[in-house]
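Open your viewer and keep the selection panel handy. We will go from one stop to the next, and at each one I will say what to pick and what you will find there.

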Amino acid sequence: MVLYGALIIGQSAVEAGIVSPILIIIVAITGITSFAIPDYYLAFHCRVARFAYIVLGYLAGFLGIAFGATIHLLIATNIQSFGVSYLAPYVPSKSKIINGLFNSPIWRREKRSDFLDTKRENRQDHISMKWKYENKEMNQ
């Protein structure tokens with residue numbers, strides 16, 4: 001029932017020239033996608049962030065939205081969970097900035113990531129299948 005009311009009000013607003021049809025489509029898409037977030041607290045955070053971006057866009061236009069996105073990114077880079085940066089796989093580590101910008105393919109990476117803080121830095125030994133070569137030596 002609410003859907004029919006929204007359709008009638010939206011059509012009336014477009015015919016009266018108050019809003020454009022693209023605005024109705026954007027509002028409908030954001031309304032539908034708001035149901036795609038399963039966690040209540042994450043949905044609440046997204047709703048508050050959306051209102052903040054709307055206010056920043058109203059006050060300063062695209063510059064305000066860009067400023068808000070920059071502040072949001074800076075806050076996300078400072079968040080840590082269990083001592084690991086929240087954006088750890090995406091943000092390069094302090095010691096290997098070049099490696100973070102230009103990653104080699106996964107099968108050519110010899111070292112583990114810095115943020116994992118593992119005991120062994122290498123992923124595996126130079127000869128990874130020692131059992132294969134040991135069996136050949138025993139058979140000869």
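Select V55 to begin: this residue is partly exposed, because its relative accessible area is 46%, which falls between the 20% limit for buried and the 50% limit for exposed. V55 sits in helix α3. Please keep in mind throughout that you are looking at a predicted model.

Now add I65 to the selection and draw a C-alpha to C-alpha distance from V55. The two residues are 10 positions apart in sequence, and the distance should read 8.8 Å. I65 belongs to helix α4, which covers residues 62-78. Like V55, I65 is partly exposed, here with a relative accessible area of 35%. Which residues does I65 touch, leaving aside those up to four places away in sequence? Show Y53, L56 and G57, and you have them. For one more distance from I65, go to I54: 11 residues separate the pair along the chain, and their C-alpha atoms are 8.0 Å apart.

Next, highlight the whole of helix α3, residues 40-60. Its 21 residues reach 30 Å from the first C-alpha to the last, close to the 30 Å expected at 1.5 Å a residue. Step just past the end of α3 to G61, where phi is positive, at about 70 degrees.

Go back to α3 and pick C46, which is also located in this helix. C46 is partly exposed, with a relative accessible area of 32%. Draw a line from C46 to S34: these residues are 12 apart in sequence, and their C-alpha atoms lie 8.7 Å from each other.

Stay with helix α3 and show the side chains of Y40 and Y41. How many aromatic pairs does the structure hold? There is 1. Y40 and Y41 form this pair in an edge-to-face arrangement, with 5.4 Å from centre to centre and 75 degrees between the planes. Are the two tyrosines buried or exposed? Y40 counts as exposed because its relative accessibility is 55%, and Y41 is exposed too, at 61%; the cut-off for exposed is over 50%.

For the next stop, turn to helix α2, residues 21-33, and find I29 there. Then switch on a surface and colour I22, L23, I25, I26, V27 and I29. Together they form a nonpolar surface patch with about 550 Å² of accessible area.

Now jump to D117, in the loop between α5 (97-101) and α6 (130-139). D117 counts as exposed, with a relative accessibility of 69%. A distance to try from here runs to V84: the two C-alpha atoms are 9.3 Å apart, while the residues are 33 positions apart along the chain.

Finally, zoom out and show the protein as a cartoon. You can pick out 6 helices and 2 strands, which follow the pattern α-α-α-α-β-β-α-α along the sequence. With the full surface displayed, the accessible area comes to about 12700 Å², and carbon and sulfur atoms account for 67% of it. Try colouring by burial as well: of the 140 residues, 6% are buried. If you make a contact map, look at the contacts with a separation of 6 or more: 10% of them join residues 24 or more positions apart.

Note on methods
Residues are numbered from 1 along each chain as its sequence is written. This is a predicted model: local features need pLDDT of at least 70, side-chain atom pairs count only at pLDDT 80 or more; totals for chains, interfaces and linings use all residues. Side-chain values use heavy atoms; hydrogens and water are left out. Patches are made of residues with over 30% relative accessible area and no salt bridge: like charges are joined within 9 Å, nonpolar side chains (Val, Leu, Ile, Met, Phe, Trp, Tyr) within 5 Å. Accessible areas come from the Shrake-Rupley method with a 1.4 Å probe; for residues, only the protein chains shown count as cover. A salt bridge is a side-chain nitrogen of Lys or Arg within 4 Å of a carboxyl oxygen of Asp or Glu. Helices (H or I, at least four residues) and strands (E, at least two) are DSSP runs, numbered from the N terminus. Buried means under 20% relative accessible area, exposed over 50%, partly exposed in between (1.4 Å probe, protein chains only). Contact means heavy atoms within 4.5 Å. The expected span of a helix is 1.5 Å times one less than its number of residues. Rings of Phe, Tyr and Trp (its six-membered ring) pair if their centres lie within 6.5 Å; planes under 30 degrees apart count as stacked, over 60 as edge-to-face and the rest as tilted.
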